[in-house]
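Trainee: I should like a close look at one part of this model, a place where two helices pack together. Please describe that part in detail, and then add what can be said of its surroundings.

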Amino acid sequence: MSATQILLLIGIYFLVLMLISYFTGKNDSNTDFFKAGRQSPWYVVAFGMVGASLSGVTFISVPGWVEASEFSYMQVVLGYLVGYFVVAYLLLPIYYRYNLTSIYEYLLDRFGVVSHKTGAFFFFISRVLGASFRLYLVAIVLQQFVFDDLGVRFEMTVVLSILLIWVYTNRGGIKTIVWTDTLQTLFMILAVVLSISLINRELDWSFGEFLASDELKSYNKFLFTDSLLERNHFIKSFIGGMFVTICMTGLDQDMMQKNLTCKTLKDAQKNMVSFSFVLVGATFLFMLLGALLFIYAGKNGISVPLMDGEPKSDLLFPEIALNSGLSLTLAVTFMLGLIAAAYSSADSALTSLTTSFCVDFLEIEKRKEEDQKKIRKRTHIAMSVLLILVIISFKYILSRNVIDSLLIVAGYTYGPLLGLFAFGIFTKYQIKDKLVWLVCGVAVLLISFLGNIDPEYLGGYVVGYELLPLNGLLTFLGLLAIRKKVAS
């Protein structure tokens, strides 16, 4: 598939998104931008959230991770499933009861201004890094397979990507995203199903023969229980996955903002539960695709592509889809899935960052009514510029698989949110609000130290995704230390 054909496909895709934006953004009000008028059908939100959760990281990085880690990621995903039920039946009732625009307003009511700002700050850092991880991965694919041939620099690729997202989210915000995410999820799931089908056909296999093949058996181990010292042990992965979901979904303005557009709490809970099962099934399909890609590459002498002189397993899927000569159908399918994966997470991230910054930091609801829309639009532009700068910086500092990097960073940045919300929900204590930022900062520093200890000094124990609940526990204990003497 030529660079010109890919650009034409991207252009058509964005015309469709802009058409959706035109109809959903006619009102161009802050209410629609932040809450979609609380009129979103729950089943539309649920289906769209699958695409936002999978994102470009799952679409590219999870299949590329299979060779090194087999199906160990499914242990994390099973933990996700439990975490979604915690979100649905513990956190969502709180958010609906308080009628929140930003979920961090709960911390303001429960503890005070400093706690509110601290929680919003850690979300802000988490979401900027998370969204940048996801879009960076797609940007390097577009760069290597499209824009390098056209002589366009990586920096310009990133600018164009963010600019396109800004154009179709500028007016409708979350109201637009609820509907564009639905379309993007459809393309993403269709892409992985068609890719598996087309590659199996090329290998002269039925799907059943692929599942029964000896080749798949060398990749499909997903329960790792040999040694608790290992980073991918089932217990560590499962617990880590559960807390990743509680934090990266339930304590994340990006994901919760979609849920809060549902009409009622019951609708939001139906959305969360149904979405969780679909997500587990979709992720398993991505793992199967990853194994199939490496099997096909081995049979056809296709090497893992290089980036800056180093093998980059994240690029194997695009290499096979675009350069192996399999079929134009596979190439088109891949590109539609990739574009959908990229923008289903990045667009909502940009909107949620704008929402949180306006509500939590700028306190937009206290400003003059005639100024509120101007503030929101300027903030939207500022968040776009920030994402551009962070994504470009990743090209020069990232060295590991992107999905792995994303989950590791979550352990540092979401831990304080976990501790703050857990303390607010499970205790009745008030705290010395002015000291909250110090407690959270110390917890992150301690976790950073723990995460970088050489396993040799821990008896061979490799610290993994359990950093996140440990970070939350440290924050919780710190808050306990600064509690006020009299419980409320």
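**The packing of α4 and α11**

Mentor: In this predicted model, helix α4, which covers residues 73-98, packs with helix α11, residues 234-250, at an angle of about 35 degrees, and their axes lie 7 Å apart. The crossing of these two helices is right-handed.

From α4, the residues in contact are Q75, V76, L78, G79, Y80, V82, G83, Y84, V86, V87, L91 and Y95, and they meet F234, S237, F238, G241, M242, V244, T245, I246, T249 and G250 of α11. By character, the residues of this contact comprise 14 nonpolar and eight polar ones, with no charged residue. A general point helps in reading such a list: an α-helix has 3.6 residues a turn, so residues three or four places apart point the same way.

The cysteine C247 counts as buried because its relative accessibility is 0%, where the cut-off for buried is under 20%. The cysteine C440 is likewise classed as buried because its relative accessibility is 0%. As for disulfides, the structure holds zero.

Another helix, α18, spans residues 415-426 and has 12 residues. From its first C-alpha to its last, α18 reaches 16 Å, close to the 16 Å expected at 1.5 Å a residue. Helix α18 is mostly covered, with 10 of its 12 residues buried. Those buried residues are G415, P416, L417, L418, G419, L420, F421, A422, F423 and G424.

Notes:
Residues numbered from 1 in each chain as written. Predicted model: local features only at pLDDT ≥ 70, side-chain atom pairs only at ≥ 80, totals over all residues. Heavy atoms only, no water. Disulfide = S-S within 2.5 Å. Buried < 20%, exposed > 50% of the residue type's maximum accessible area, 1.4 Å probe, protein only. Axes fitted to C-alpha atoms, helices over the stretch in contact; angles between N-to-C directions. Helix = DSSP H or I, 4+ residues; strand = E, 2+ residues; numbered from the N terminus. Left-handed = near helix turned anticlockwise from the far one by under 90°. Contact = heavy atoms within 4.5 Å. Nonpolar A, V, L, I, M, F, W, Y, C, P; charged D, E, K, R; others polar. Expected span 1.5 Å × (residues − 1).
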